[in-house]
Amino acid sequence: VWITDRNGWMEFLNRQFTDYTGALQERWAPDEMAANFIHAEDGAKVVAAFEAALRAGEPFELEHRIRSAAGEDRWFLARVVPVVGADPEQPLLPRRL
């Protein structure tokens, strides 16, 4: 599980992700995340799909490899559900599931 701001910067990574990858709990740009934790052959495809979903406010699923802290790559299914809201103070709701 991870959460981004409206511009796609990672603001929260769950413990399973940080334990597996060794990622620090800090803000990450999508391309930084891809460069550090996603297999090199999958990174551009993942970032492009994520940025398209962010722009459209639409969910997507994509299989890709994530690198562990030990340097092993494993396949994962990423399910992304962008949430949108007009007012940053209001709760965000999925546009469509």
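**Close-up views of a predicted model**

**View 1. Ala 69 is an exposed loop residue.** At 57% relative accessibility, Ala 69 counts as exposed, because the cut-off for that label is over 50%. The model shown here and in each view below is predicted. Ala 69 sits in the loop between strand 3 and strand 4. Which residues does Ala 69 touch, beyond those up to four places away in sequence? They are Tyr 20, Thr 21 and Gly 22. Take Gly 22: along the chain, 47 residues separate Gly 22 from Ala 69. In space, their C-alpha atoms are 5.0 Å apart.

**View 2. Thr 21 is a buried residue of helix 1.** Follow the contact from Ala 69 to Thr 21. Is Thr 21 buried or exposed? Its relative accessible area is 6%, so Thr 21 falls under the 20% cut-off and counts as buried. Look at what its side chain reaches. One partner is the backbone oxygen of Phe 17, at 2.7 Å. Another is the backbone nitrogen of Ala 23, at 3.0 Å. Now set aside the neighbours within four places in sequence. Thr 21 is then in contact with Phe 37, Ile 66, Arg 67, Ser 68 and Ala 69.

**View 3. Arg 65 lies in strand 3 and is buried.** Arg 65 has a relative accessible area of 16%. That is under 20%, so Arg 65 counts as buried. Its side chain makes a polar contact with the side chain of Glu 41, at 3.3 Å. Which residues are in contact with Arg 65, leaving aside neighbours within four places in sequence? One group is Phe 37, Ile 38, His 39, Glu 41 and Asp 42. Asp 73, Arg 74 and Trp 75 complete the list. Phe 37 also appeared in View 2, as a contact of Thr 21.

**View 4. Gly 8 is buried in a loop.** Find the loop between strand 1 and strand 2 (10-13); Gly 8 is there. Gly 8 has 0% relative accessibility, so it counts as buried. Not counting residues up to four places away in sequence, Gly 8 touches Trp 28, Pro 30, Phe 50 and Leu 54. Pro 30 is 22 residues from Gly 8 along the chain. The C-alpha atoms of Gly 8 and Pro 30 are separated by 6.5 Å.

**View 5. The largest pocket holds about 890 Å³ of space.** Its lining has 35 residues, and the closest to its centre are Trp 2, Thr 4, Met 10, Phe 50 and Val 80. Which elements give two or more residues to the lining? They are strand 1 (2-4), helix 1 (15-21), helix 2 (30-37), helix 3 (43-56), strand 3 (60-67), strand 4 (73-80) and strand 5 (83-84). By residue type, the lining divides into 27 nonpolar, 5 polar and 3 charged. Phe 50 links this view to View 4, where Gly 8 touches Phe 50.

**View 6. The whole chain has 3 helices and 6 strands.** Read along the sequence, their pattern is β-β-α-α-α-β-β-β-β. The chain has 97 residues, and 35% of them count as buried. Thr 21, Arg 65 and Gly 8 are among the buried residues. Next, take contacts between residues at least 6 apart in sequence: 34% of these join residues at least 24 apart. The accessible surface comes to about 6,500 Å². Carbon and sulfur atoms account for 53% of that surface.

Conventions:
Residues numbered from 1 in each chain as written. Predicted model: local features only at pLDDT ≥ 70, side-chain atom pairs only at ≥ 80, totals over all residues. Heavy atoms only, no water. 1 Å grid on protein atoms, 1.4 Å probe; cavity = no way out; pocket = protein on both sides within 12 Å on 5 of 7 lines; lining within 4 Å. Points joined across faces, edges and corners; volume = space filled by probe spheres on them. Helix = DSSP H or I, 4+ residues; strand = E, 2+ residues; numbered from the N terminus. Nonpolar A, V, L, I, M, F, W, Y, C, P; charged D, E, K, R; others polar. Buried < 20%, exposed > 50% of the residue type's maximum accessible area, 1.4 Å probe, protein only. Polar contact = N/O pair within 3.5 Å; in protein donor to acceptor, adjacent residues only side chain to side chain. Contact = heavy atoms within 4.5 Å. Areas by Shrake-Rupley, 256 points an atom, 1.4 Å probe, with all protein chains shown as cover.
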